[in-house]
Amino acid sequence: MFMLCRRLPSLARTTTTTTTFLCKSMKPTVTATSSFGVGSSRLAALAQQLRGYKPPPSSSFDDAEEMQRDQETAGKVVSQVGFQESMIAPVSKDPERFRPKRAAVLICIFEGDDGDLRVILTKRSSRLSTHSGEVSLPGGKADEGDKDDGMTATREAEEEIGLDPSLVDVVTSLEPFLSKHLLRVIPVIGILRDKTKFKPIPNPGEVEAVFDAPLEMFLKDEKRRCEEREWMGEKYLIHYFDYRAGDKDFMIWGLTAGILIRAASVTYQRPPAFIEQSPKFKYPKLVEKHTCMPK
């Protein structure tokens with residue numbers, strides 16, 4: 001397991017030094033040759049399994065017929081924490097209606113020292129204007145030059161934590177989620193076969209810490225708590241996972257938790273040991289530029 005935490009410099013312009021802590025304990029794994037290079041036989045089998053994954057049909061924001069069919073009724077919406085777009089009805093063909101911007105996050109899986117599957121996570125900088133100090137997956141908004149969601153996710157991961165895209169074998173994408181700020185977020189699953197080649201280099205302007213957690217944790221109930229909320233008469237649950245890495249405590253919740261629950265379900269091919277209770281909200285017909293879902 002690796003953990004890297006960076007103490008951010010003071011906001012004062014005269015401060016130029018930072019302190020970085022890196023704790024690493026890595027044992028060699030049984031290796032097998034694959035088209036991607038060195039890696040455990042388990043990771044090779046997982047990559048093959050995930051390549052065959054087909055996400056359930058989701059609503060299309062580009063299908064004119066579907067959008068026309070739904071013009072007379074409002075589509076469903078998500079809460080401020082994000083839910084699968086497969087539960088969201090298409091929106092209207094009307095160009096003034098809601099059109100989400102596209103983003104992608106990287107679910108980078110590797111094999112831990114004990115043979116468990118682990119995922120790389122970040123703690124966002126406390127200086128960011130949105131989601132400051134929160135745990136997230138590496139990723140961000142798509143650029144015009146990105147050929148696909150895999151490129152968006154790996155490019156952003158390189159910019160945020162120094163993860164070389166050549167080390168990541170992109171194997172599949174999950175169904176889209178919708179975020180608090182109405183971004184259409186595509187979770188991209190990638191396999192890091194040789195974890196020893198990844199030396200985290202967090203971008204201090206975006207990332208405060210880089211750490212990893214067991215993926216299976218997001219199917220279990222031991223470290224989970226939840227909060228029930230209600231909007232427009234519909235109740236739903238927000239999930240929180242408490243995790244300690246080294247001497248640091250992290251809380252993984254909201255959109256990130258929802259994506260990881262889904263990723264773990266697909267990877268381990270079983271549902272979580274708890275009720276997710278997703279919402280059944282509706283999109284407003286018109287969404288202003290700075291609209292986000294209510295807390």
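F211, Y243 and F250 come together as one aromatic cluster in this structure, which is a predicted model. Within that cluster, F211 and F250 form a stacked pair, with 3.8 Å from centre to centre and 10° between the planes. Because F211 belongs to strand β13 and F250 to strand β16, the pair ties together parts that lie 39 residues apart in sequence. Both partners are buried: F211 has a relative accessible area of 0%, and F250 has one of 6%. A further aromatic pair is made by F218 and F241, whose ring centres are 4.9 Å apart and whose planes stand at 65°, so the arrangement is edge-to-face. This pair also links distant parts of the chain, since F218 sits in the loop between β13 and β14 (224–231) while F241 is in strand β15, 23 residues apart. F218 and F241 are both buried. In total, the structure holds 5 aromatic pairs, and two of them are set out below.

| Pair | Centre-to-centre distance | Angle between planes | Arrangement |
|---|---|---|---|
| F211 and F250 | 3.8 Å | 10° | stacked |
| F218 and F241 | 4.9 Å | 65° | edge-to-face |

The aromatic residues lead on to the nonpolar interior. The largest nonpolar core has 42 residues, and those that touch the most other members are I107, L121, F218, I252 and L260. At least two residues of this core come from each of α1 (41–51), β6 (101–111), β7 (117–124), β12 (183–192), β13 (207–214), β15, β16 and α4 (254–268). The element that gives the most is α4, with 8 residues. The surroundings of L260 can be listed in detail: leaving aside neighbours within four places in sequence, L260 is in contact with I107, V119, L121, L137, L215, F218 and I252. A second, separate core has 17 residues, including C108, L167, I186 and V210. As a general background to such groupings, nonpolar side chains in soluble globular proteins tend to be buried together.

Strand β15 deserves a closer description. Covering residues 234–245, β15 contains H239, and this histidine counts as buried because its relative accessibility is 8%, under the 20% limit. The side chain of H239 makes a polar contact with the side chain of R224 at 3.0 Å. If residues up to four places away in sequence are not counted, H239 touches R224, R225, C226, I252, W253, G254, A257, I261, F274, I275 and E276. R224 has a second interaction of interest, in that its charged end sits over the ring of F274, 4.2 Å from the ring centre; F274 is itself among the residues that H239 touches.

Strand β15 is joined to strand β16 (residues 248–253) by 6 bridges, and the two strands run antiparallel. One of the residue pairings across them is that of D242 with M251, its bridge partner in β16. The hairpin that β15 and β16 form has 2 residues between the strands, and in this hairpin G246 takes a positive phi near 65°.

A positive phi is also found at a residue other than glycine, namely Q269, where the value is near 55°. Most residues other than glycine have a negative phi. Q269 lies in the segment after α4 and is exposed, because its relative accessible area of 61% is over the 50% limit.

Strand β6 offers another buried position. A103 is located in β6 and counts as buried, with a relative accessibility of 5%. Leaving aside neighbours within four places in sequence, A103 is in contact with G140, K141, A142, L183, R184, V185 and I186. The C-alpha atom of A103 is separated by 7.7 Å from that of D149, although these two residues are 46 residues apart along the chain.

For the protein as a whole, there are 4 helices and 16 strands, and 47% of its 295 residues count as buried. Among contacts with a separation of 6 or more, 69% are accounted for by residues 24 or more positions apart.

Key: Residues numbered from 1 in each chain as written. Predicted model: local features only at pLDDT ≥ 70, side-chain atom pairs only at ≥ 80, totals over all residues. Heavy atoms only, no water. Buried < 20%, exposed > 50% of the residue type's maximum accessible area, 1.4 Å probe, protein only. Polar contact = N/O pair within 3.5 Å; in protein donor to acceptor, adjacent residues only side chain to side chain. Contact = heavy atoms within 4.5 Å. Pairing = 2+ DSSP bridges. Core = buried A, V, L, I, M, F, W, Y, C linked by side-chain atoms within 4.5 Å. Phe/Tyr/Trp six-rings, centres within 6.5 Å; stacked < 30°, edge-to-face > 60°. Lys NZ or Arg CZ within 6 Å of the ring centre and 35° of its normal.
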